[in-house]
Amino acid sequence: MTAYIIRRVIQAAVVIIILSLIVFFIMRLLPGDPLVIFMGRSAGQGGITPEILEALRVQYGLDKPLMVQYFNWMGGIFQGDLGESITYHIGVGKLLLERFPVTLDLGLRAFILSNILGVLLGLFAALRRGKWIDSGATVFSYFGVSIPVFWLGLLLIYAFGLKLGWLPISGYTPPWDNFWMNFKQSIMPVVCLSVMGLAVTARQMRSSVLEIKQQDYIRTAWSKGLSERVIVTRHMLKNSLIPVITLMGIGLGIMIGGQVLVETVFAIPGAGRLLVNSVFAQDYQVVQSGTLIIAVVVVLMNLIVDISYGWFDPRIRFG
Amino acid sequence: MVEKQTSGIDFSEAPVPVSEWQRFRRVFFERKLVMFGLIVLLLLVIAAIFAPLLTPYNPIKGDLADSLQPPSSKHLLGTDIQGRDILSRLIFGSRTALAVGFLTVAIAGICGVTLGLIAGYFGGVVNMVIMRTMDALMGFPMLLLALVIAALLGSGLQNVIIALGVATLPGYARVMHGLTLSVRENDYILAQRAMGASNIRVMFKHILPNALPPMIVLITLQLGALILAEAALSFLGIGIKPPTPAWGGMVADGYRYLSSRPWLSFAPGVVIMLVVFAFNLVGDGLRDALDPRLRGLL
């Protein structure tokens, strides 16, 4: 097990280093000078001379060779310094710390909701194969992966916000400020974020239970006269969850992509919306550090999934 | 060993030997949902090819006097703020969607398959460098990577294709890599090499053809995902440039009039969903018909 964990951790570390190189060079090799854009925006507030521009370039370290910039950036990250946002004039670390909790709050709720419901839906669909719940689950999972997240958000806003007036159509309130408001505002975004994950999980769970159902040890359990409840909870659930767990890491990536859209549709001040806005403003530091952090989180989640997978299923470790 | 079941078909009841084609036909064409998907895709292709003949109005230039009309016999789905016929724009939008889908699949597929083949065939350091880079690319959520690339390159068809291509390339590389590893050890490959076949010949003539069934399935499923991603980029305003009709952009355009004219956003969304739905149905149908063992892998 230790050797397996060490191998996985080294792999993840290599992947993270390559990730940082990709992020850095994508940002640098593409056209557009952040300082010129910055100057354009503040030009109305009084002239910016080439000298000031040059001073700014030095201040943000944009005058140094690319490799030096890369190592400065990486060195800074290890010291907790993610650079300074050119549009917001505050540290990127501080900015992300402000926005990430919002994204995390909605993301976690959606993650838990979609996985619990997805597992249950897939399980019941497989146990009652060919019955209405199975057909319902199948159709739902097709729709779940086909519906555009932003459009679903729009439909919900139209129905529950504009026509029925039951739910607020935008914004975010921290739960400690107003718990009830936070709950009402987060219902529609969380539903949007959950749908695709729910569909994918339900589908995987269904086919994995269908396969387990036919194993010899399940037949043995039936012939011993065990009740359905015991067979399902003791024998089926654990084994059929293994492939579902691997999907969770991938599901997380899909969900982060979805958050960019959901936060835009519902005007939620989270990290996803920050990234979109920074991309438009060509705020290099925010996009660079934000993208890297999200990617690292995804890699780490996949690492945890891989390790737990090896823990649950020894066949993987020695494969 | 108990027969593995796939949805709707029970192989234990299969009649005595059937040909490959017969089996394919039975599994693929006799499923109602798959047929539904095929019909939708057929309509989509017809719409894209014959767009100018099918549309009574210009999709780019509207009549401002006809601005924001509700659905009527003259404009079946109404008009947008610039007086452009929504139905005509939807029909022309199929060209955009299919162009993005097919061109991206072609570019990402060719590059990804080649990289996966090289990595799997040569192994060692080459494998390490290529596959770890692919892992790194996969670390980015697809939409996020495409967003960053598209935003930096600027909007437009070409840049959307590049962005989505880079974001989806690792998927092909991974499948091809796994496949190459399993095929490489076969005796007939060894025989080819013993007869003096070059690496290139072995790779492209003897290993690559094995990839056809899984690639057809992967590509079909990818087309749906790509159309969805292009719609998302266009919705955010960094996809297809405005006057060109794109379904995602049309949803965004209609957003402002959601309370008074909801059909402006509803119609393009329904089309996106139907098309993606159809690609997924057909992709799954192909997978079960070509090779049920791919279930769970793709």
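Helices and strands here are DSSP runs, a helix being a stretch of at least four residues in state H or I, and they are numbered from the N terminus. With that in hand, the tour can begin in this predicted model, which scores ipTM 0.82 and pTM 0.84.

**Chain A as a whole**

Select chain A and colour it by secondary structure: there are 13 helices and 0 strands, so that, with helices taken as DSSP runs, the pattern read along the sequence is α-α-α-α-α-α-α-α-α-α-α-α-α. Turn the chain until its principal axes line up with the screen, and the C-alpha trace spans about 85 × 60 × 35 Å along them. Chain A holds 319 residues, of which 36% count as buried. If contacts between residues at least 6 apart in sequence are drawn within this chain, 73% of them join residues at least 24 apart.

**Helices H9 and H10 of chain A**

Next, select residues 216-223 of chain A, which form helix H9(A), together with helix H10(A), residues 228-265. The axes of H9(A) and H10(A) come within 11 Å of each other and cross at roughly 155°, and because angles over 145 degrees count as roughly antiparallel, these two helices are roughly antiparallel to each other. Their crossing is right-handed. Show the side chains here, and you will find A:Tyr217, A:Ile218, A:Ala221 and A:Trp222 on the H9(A) side meeting A:Ile231, A:His235 and A:Met236 on the H10(A) side. By class, this contact has 6 nonpolar residues, 1 polar residue and no charged ones.

**The loop after H10**

Follow chain A onward into the loop between H10 and H11, where A:Ala267 lies. Its phi is near 50°, a positive value in a residue other than glycine. Is A:Ala267 buried or exposed? A:Ala267 has 11 other C-beta atoms within 10 Å, and since 12 or fewer count as exposed, A:Ala267 is exposed.

**Where the two chains touch**

Now show both chains and select the residues in contact between them, which are 41 from chain A and 40 from chain B. On the side of chain A, at least two residues each come from helices H1 (2-29), H6 (132-146), H7 (149-163), H8 (179-213), H10 (228-265), H11 (271-281) and H12 (284-312). Which of the helices gives the most to this side? That is H10(A), with 8 residues. Coloured by class, the side of chain A that touches chain B has 32 nonpolar, 8 polar and 1 charged residues.

**Confidence along chain B**

Select chain B alone and colour it by pLDDT: the mean is 82, and 91% of its residues reach 70 or more. Confidence in this chain is lowest in helix H1 (residues 20-29), at a mean of 73, and highest in H4(B), at 91. Look with particular care at residues 1-6 of chain B, where pLDDT stays under 50 and for which the model has 9 contacts beyond four places in sequence.

**Helices H4 and H5 of chain B**

The last stop is helix H4(B), residues 86-122, with helix H5(B), residues 124-139, whose axes come within 7 Å and cross at roughly 145°. Here H4(B) passes H5(B) in a left-handed crossing. In H4(B), select B:Leu115, B:Ile118, B:Ala119, B:Gly120 and B:Phe122, which meet B:Gly124, B:Val126, B:Asn127, B:Ile130 and B:Met131 in H5(B). The residues of this contact divide into 7 nonpolar, 3 polar and no charged.

Note on methods
Residues numbered from 1 in each chain as written. Chains lettered and ligands numbered in written order. Predicted model: local features only at pLDDT ≥ 70, side-chain atom pairs only at ≥ 80, totals over all residues. Axes fitted to C-alpha atoms, helices over the stretch in contact; angles between N-to-C directions. Left-handed = near helix turned anticlockwise from the far one by under 90°. Contact = placed C-beta atoms within 7 Å. Nonpolar A, V, L, I, M, F, W, Y, C, P; charged D, E, K, R; others polar. pLDDT = per-residue confidence, 0-100. Buried ≥ 20, exposed ≤ 12 C-beta atoms within 10 Å, placed from the backbone. Parallel < 35°, antiparallel > 145°, perpendicular 65-115°, else oblique.
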